[in-house]
Amino acid sequence: MLGLLLILSLSSPVTLLPHQSAAPPARCKHCCDYLEPIEGSGDEPPTEGYRHVPEVRTIINMTILKGDKGDRGERGTPGKAGQEGPPGSSGPMGSKGSKGQAGLPGDPCKVQYSAFSVGRHKPLHSLESYQALVFDTVFVNPDGHFDMFQGKFFCHIPGIYFFNVNIHTWNFKETYVHIMHNDKEQAIVYAQPSDRSIMQSQSLLLELRLQDEVWVRLYKRERENAVYSDDTDVYITFNGYLIKASAED
């Protein structure tokens, strides 16, 4: 009986009504919907029921607010000096300046001099060894550069010197005399034996260093020789003087 009723209900005609659009159900609003969702909840922020709020920016016209120019402030403390820059290139040569005033007169030039002139009254004969002619008469020896005891000139001012020796030969005897520079013969005064005595002379220039010695030497006896003089006249003379001092002095 129950199955029959079920079949009857399924086979009964069904009247279809036209479709009517239903309005969406109104959303339920709560009093706290305007609040932001809790952070981490995953809910989207509410968008309904609110209007867009425009962004407000403040623009100030500086030309209107600009005042008058103020007084100049005090000068600040100077900063540290910077590093020295590289040297610049040479500039063009300037024009020639005007002639300056004459300076003050300088000190007098230093004049250097050295001179001597000596003579001998006594004759001298050769011995077994060499002999230096020692002189007994001074004509010129202002600074004592010639040593009368040794018969030698000692150089106190290096430079070029002129030297001259004059002797008188002895009758029938040879005359053999050297002008010495330190221990080296530089020039000879020589005369052969003769029945007549004569005057002999020799001159030369020598470049001397400080404390160099110049003297006259009589040869030794292996050659019999002598020079003549007497107590009345001076026959033997030795002279020297500085011509030019060395540049280094």
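Two residues are in contact when heavy atoms of theirs lie within 4.5 Å. By that rule, 69% of the contacts in the chain with a separation of 6 or more are between residues 24 or more positions apart. The legends below describe a predicted model.

**Figure 1. The whole chain has two helices and 13 strands.** The chain holds 249 residues, and buried residues make up 26% of them. Its accessible surface comes to about 20,400 Å². Carbon and sulfur atoms account for 54% of that surface.

**Figure 2. Confidence in the predicted model varies along the chain, with helix H1 and strand E6 at the two ends of the range of element means.** The average pLDDT of the chain is 80, and 73% of the residues score at least 70. Helix H1 (residues 2–11) has the lowest mean pLDDT among the elements, 45. Strand E6 (residues 152–154) has the highest, 97. Over residues 1–19 the pLDDT stays under 50. For this stretch the model has zero contacts beyond four places in sequence.

**Figure 3. Thr137 is a buried residue in strand E4.** The strand covers residues 137–140. Thr137 counts as buried because its relative accessible area is 17%, and the cut-off for buried is under 20%. The side chain of Thr137 makes a polar contact with the side chain of His121, at 3.1 Å. Leaving out residues up to four places away in sequence, Thr137 touches Ser117, Val118, Gly119, His121 and Met148. His121 therefore appears in this view both as a polar partner and as one of the residues touched.

**Figure 4. Phe135, Phe146 and Phe238 belong to a cluster of rings linked by ring pairs.** The count of aromatic pairs comes to 17. One of them joins Phe135 and Phe146 edge-to-face, with 6.0 Å from centre to centre and 70 degrees between the planes. Phe135 lies in the loop between strand E3 (131–132) and E4, while Phe146 lies in strand E5 (residues 146–147), so this pair ties together parts that are 11 residues apart in sequence. Both rings belong to buried residues: Phe135 has a relative accessibility of 4%, and Phe146 has a relative accessible area of 2%. Phe146 also pairs edge-to-face with Phe238, again at 6.0 Å centre to centre, with 75 degrees between the planes. Because Phe146 is in strand E5 and Phe238 is in strand E13 (residues 236–245), this second pair ties together parts that are 92 residues apart in sequence. Phe238 is buried, with 0% relative accessibility. The other members of the cluster are Phe116, Phe153, Tyr161 and Phe163.

**Figure 5. Lys173 and Arg217 each lie over an aromatic ring, that of Trp170 and that of Tyr130.** The charged end of Lys173 sits over the ring of Trp170, at 4.8 Å from the ring centre. Arg217 lies over the face of Tyr130, and here the distance to the ring centre is 3.8 Å.

**Figure 6. Asn182 and Gln211 have positive phi values.** Most residues other than glycine have a negative phi. In Asn182, which is not a glycine, phi is near 60 degrees. Asn182 is placed in the loop between strand E8 (175–181) and strand E9 (184–191). With a relative accessible area of 27%, Asn182 is partly exposed. Gln211 is not a glycine either, and its phi is about 70 degrees. Gln211 is found in the loop between strand E10 (199–208) and strand E11 (213–218). Gln211 is also partly exposed, with a relative accessible area of 45%.

**Figure 7. Lys244 is an exposed residue in strand E13.** Its relative accessibility is 55%, and the cut-off for exposed is over 50%, which is why Lys244 counts as exposed. Apart from neighbours within four places in sequence, Lys244 is in contact with Gly159 and Ile160. Glu207 is 37 residues from Lys244 along the chain, and 9.4 Å separates the C-alpha atoms of the two residues. Strand E13 is also the strand that holds Phe238 of Figure 4.

Terms used:
Residues are numbered from 1 along each chain as its sequence is written. Side-chain values use heavy atoms; hydrogens and water are left out. Buried means under 20% relative accessible area, exposed over 50%, partly exposed in between (1.4 Å probe, protein chains only). Accessible areas come from the Shrake-Rupley method with a 1.4 Å probe; for residues, only the protein chains shown count as cover. A polar contact is a pair of N or O atoms within 3.5 Å; within protein, one must be able to donate a hydrogen and the other to accept it, and residues adjacent in sequence count only if both atoms are side-chain atoms. Rings of Phe, Tyr and Trp (its six-membered ring) pair if their centres lie within 6.5 Å; planes under 30 degrees apart count as stacked, over 60 as edge-to-face and the rest as tilted. A charge sits over a ring if NZ of Lys or CZ of Arg is within 6 Å of the ring centre and within 35 degrees of the ring normal. pLDDT is the predictor's confidence in each residue, from 0 to 100.
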